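Please read the following account with the sequence and the coordinates open side by side. The walk goes from the whole chain down to single residues.

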Amino acid sequence: MDNQRFLLVLALGLILFMIYQAWQDEQRRAAAPRPTATAPGAPGATTEPGEVPSVPKAEAPEAVSAPAMPAAASVPAGIPSDGRISVRTDLIDAVIGLSGGDLRQLKLRKYPVSVDKPDIPFVLLDDSGSDLYVAQSGLIGSNREYPNHKTAYTADLGPYVLAAGQTELKVPLRWQASDGVRYSKIYTFYRDRYLIDVEFVVENTGTEPWQGHLYRQFRRHYIEPSRGWLALPTYSGAAIYTPEDKYEKISFSDMSEEPLERDVVGGWVAILQHYFVGAWMPAKEQRNRFYTQALGDNSYTVGLKELSPVTVAPGASARLRASLYVGPKEHKRLTELAEGMELTVDYGWLTFLSAPLFWLLSFIHRWVGNWGWAIIVLTVLIKLVFYPLSAASYKSMAHMKRMQPKLQSLRERFGHDKQRMNQAMMELYKKEKINPLGGCLPILIQIPVFIALYWVLLESVEMRQAPFILWIRDLSIRDPYYVLPILMGVSMFLQQQLAPAQLDPMQRRIMHALPVVFTIFFLAFPAGLVLYWLVNNILSIAQQWQITRMIEARAK
């Protein structure tokens, strides 16, 4: 099999991959989710000794409009009538609902929805529209009232704004149970951080010891979006990390089929989507039960609840803390969080190659200051590293091209007898000391690196809305004028002119169609990916032309 046949197999594999991806998307959309988890008990339900109480569950999917404030809660002056408190820091605009004390909306101020709308921040958490996504937390226990994500809190005046020179901003919510126990739920926001601390302060003013468990969860309403068959696959769903099993993805369809219940020390739970992540991260030594629930109507929860209860003596107080990250998958920020959080940038099974490639790409970017030029420099460096292998491949192709007249002569003589023709070709290869497979192995070795870089460019939020030059204002979306894909198709056509022609007419026609097929595929690819492929093709053409010229000169 020569290089052109190998390219043909690679192209067919790409087409089959796209078809398979489209079929998978269709299957996920067709799968009707069904809740299988047992409905948990009420907040004050009695549990058996040693049993962890259940987290309150919504009887029906939450309303997708702004929730009205329950009549039982008093709203101080300065708080909006719908019971929502606005919070602003240098990085985020957030909304906390007094009904439940949930983080109900979060906008990323440094990440606009598009380059054409720089003043409109991307909305990551939201409780309006069809894509409900909120962060909830509360306390659970037995034989008393506990504040959970249905509790009506009161709060001080708002809105809250992180002032210049201020490093953190606290937003306290308050609630008092009928037994006299006082609770405070305190959100702490930080400058230049997407990390949010959530703290419950329990003041036991009663005569009996207080005992309870902390829980944290995400509530997500999700319907698989309809994508074109050329759309690149990205993962949206849950993920967990445990010290034993490391990183695991749990899709929404998995939640529908079987709810998760697993006791874990440390770790974290998260909801992933392209470029962004929300994660609850307990302390390393804390024992929690990770759980998921399918609530019906495409609504899901994923969370964790503390296994060991916290006890507060009469007249004493205690603090129960939780850490929440809601923001972009920026590598530097993720590595500073819990162990394994950097894996939410999902490079798949080639992470061991993709991670160092991204590090090198970032290092180059620090010098050149432009992600497009960084991609070009990285492509050149990869080409230099694989120069010996590429040279061996192109030498094999050049020798094969030099032998084309003799091969054509054998085809004319023995075309009616395949066995005789193949035997004669093998004798010719042996005589000329040519290995017809010599060009395939070097290419095979390089393919994992190319795929790893593909995932780096697709998954890295640093590429999102990163400009290059002229009309390329966002390397993470397609070229608006299709200039790069067309140039890439032209470069493939030029590569074919340097390669030995196929003797079989059918194979020749297929190979001539490949530049057109690849150009059509690349029309929908992000500009950064097409830029990488184009630069790689140009370097390959230059290298192949030089080697072919040298071999032809020696043969004269």
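The paragraphs below take up the overall make-up, the nonpolar core, a sheet, two backbone angles and the contacts of aromatic rings.

The model is a predicted one, and it should be read with that in mind throughout. The protein contains twelve helices and 20 strands, and of its 556 residues 52% are buried. Among the contacts with a sequence separation of 6 or more, 68% are made by residues that stand 24 or more positions apart. The area that the protein exposes comes to about 25900 Å², and 59% of this is supplied by carbon and sulfur atoms.

From these totals one can turn to the interior. In soluble globular proteins, nonpolar side chains tend to be buried together. Here the largest nonpolar core has 123 residues, and the members that touch the most others within it are Leu-103 and Phe-189. Helix H9, which spans residues 440-459, gives this core its largest share, namely eight residues. The surroundings of Phe-189 can be listed in full once its neighbours within four places in sequence are left aside: Phe-189 is then in contact with Val-87, Thr-89, Ile-92, Ala-94 and Ile-96, with Thr-167, Glu-168, Leu-169 and Val-171, and with Ile-196.

The next element to trace is a sheet. Strands of a sheet pair through backbone hydrogen bonds, either parallel or antiparallel. In this model an open sheet of nine strands follows the order E6-E8-E9-E10-E20-E16-E15-E12-E13, and its pairing is antiparallel. Its edges are formed by strand E6 (154-155) and strand E13 (246-250), each of which pairs on one side only. At the E13 edge, the antiparallel partner is strand E12 (residues 237-242), joined to E13 by five bridges, and one residue pair to locate there is Thr-242 with its bridge partner Lys-246 in E13.

Lys-246 also deserves attention for its backbone, since this residue, although not a glycine, has a positive phi of about 60°. Lys-246 lies within strand E13, and Lys-246 counts as partly exposed because its relative accessibility is 38%, a value between the limits of 20% and 50%. A positive phi, near 60°, is also found at Gln-465, again a residue other than glycine. Gln-465, however, belongs to the loop between H9 and helix H10 (483-498). Is Gln-465 buried or exposed? With a relative accessibility of 16%, Gln-465 counts as buried, because the limit for that class is under 20%.

The aromatic rings complete the picture. Across the whole structure, a search finds 22 aromatic pairs. In one of them, Phe-122 and Phe-276 are stacked, with 4.4 Å from centre to centre and 15° between the planes. This pair links distant parts of the chain, for Phe-122 sits in strand E4 (residues 117-125) and Phe-276 in strand E16 (residues 276-281), 154 residues apart. Phe-122 and Phe-276 are both buried, and ring pairs join them with Tyr-111 and Tyr-275 into a cluster. Strand E16 also appears in the order of the nine-stranded sheet described above.

Charged side chains are placed over rings as well. Arg-193 lies over the face of Tyr-190, at 5.1 Å from the ring centre, while Lys-249 lies over the face of Tyr-235, with 4.7 Å to the ring centre.

Technical notes:
Residues are numbered from 1 along each chain as its sequence is written. This is a predicted model: local features need pLDDT of at least 70, side-chain atom pairs count only at pLDDT 80 or more; totals for chains, interfaces and linings use all residues. Side-chain values use heavy atoms; hydrogens and water are left out. A nonpolar core is a set of buried Ala, Val, Leu, Ile, Met, Phe, Trp, Tyr and Cys residues joined through side-chain atoms within 4.5 Å. Buried means under 20% relative accessible area, exposed over 50%, partly exposed in between (1.4 Å probe, protein chains only). Helices (H or I, at least four residues) and strands (E, at least two) are DSSP runs, numbered from the N terminus. Contact means heavy atoms within 4.5 Å. Accessible areas come from the Shrake-Rupley method with a 1.4 Å probe; for residues, only the protein chains shown count as cover. Two strands pair if DSSP finds at least two bridges between them. Rings of Phe, Tyr and Trp (its six-membered ring) pair if their centres lie within 6.5 Å; planes under 30 degrees apart count as stacked, over 60 as edge-to-face and the rest as tilted. A charge sits over a ring if NZ of Lys or CZ of Arg is within 6 Å of the ring centre and within 35 degrees of the ring normal.
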